[in-house]
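Here is a short briefing to read alongside the model. Have the sequence and the 3D view open, and follow the points at your own pace.

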Amino acid sequence: MQAVKLHVYGRVQGVGFRYCTKMVADQLEISGIVRNNPDGSVYIEAQGELSELETFIEKIKTSPTPSGKVEKLVITKIPPIDHSSFQITY
């Protein structure tokens, strides 16, 4: 298992980004969280098998929702996280 945290910048709030991120995570069996940040960015913690995690990151880079636009993505590897599913948090 690999884990990362992602900071996503661009048109990522108010466009269904978190909901679509959860759908992608559920399809790929990725666990973690997604939440909006006060600065207009989105924060994601994601954990899964390396190949699924790489696919997840690629889908986030291109925006999981057609209305969104990712302008910047900061990826940081983190130790494994304790999430059993993928949740939208507030």
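Asn37 sits in the loop that links strand 2 and strand 3. Please keep in mind that this is a predicted model. The residue makes a handy starting point, and the sheet and its helices follow below.

**Asn37 and its surroundings**
- Is Asn37 buried or exposed? Its relative accessible area is 15%, which is under the 20% cut-off, so Asn37 counts as buried.
- Setting aside neighbours within four places in sequence, Asn37 is in contact with His7, Gln13, Val42 and Tyr43.

**The sheet**
- The sheet is open and has 5 strands, in the order 4-1-3-2-5, with mixed pairing.
- Strand 4 (69-78) and strand 5 (86-88) are at the edges; each has a single partner strand, so one side of each lacks a neighbour in the sheet.
- From one strand to the next, the twist averages 15 degrees.
- Strand 1 (residues 2-11) and strand 4 run antiparallel and are joined by 9 bridges.
- Within this pairing, Leu6 is found opposite Ile75 of strand 4.

**The helices on the sheet**
- Helix 1 (residues 17-28) packs on the sheet and touches strand 1, strand 2 (31-36), strand 3 (42-48), strand 4 and strand 5.
- The direction of helix 1 makes about 170 degrees with that of strand 5.
- Helix 2 (residues 50-61) also packs on the sheet, where it touches strand 1, strand 3, strand 4 and strand 5.
- For helix 2, the angle between its direction and that of strand 1 is about 5 degrees.

Terms used. Residues are numbered from 1 along each chain as its sequence is written. This is a predicted model: local features need pLDDT of at least 70, side-chain atom pairs count only at pLDDT 80 or more; totals for chains, interfaces and linings use all residues. Side-chain values use heavy atoms; hydrogens and water are left out. Two strands pair if DSSP finds at least two bridges between them. Helices (H or I, at least four residues) and strands (E, at least two) are DSSP runs, numbered from the N terminus. Axes are lines fitted to C-alpha atoms, for helices over the stretch in contact, and angles run from 0 to 180 degrees between N-to-C directions. Contact means heavy atoms within 4.5 Å. Buried means under 20% relative accessible area, exposed over 50%, partly exposed in between (1.4 Å probe, protein chains only).
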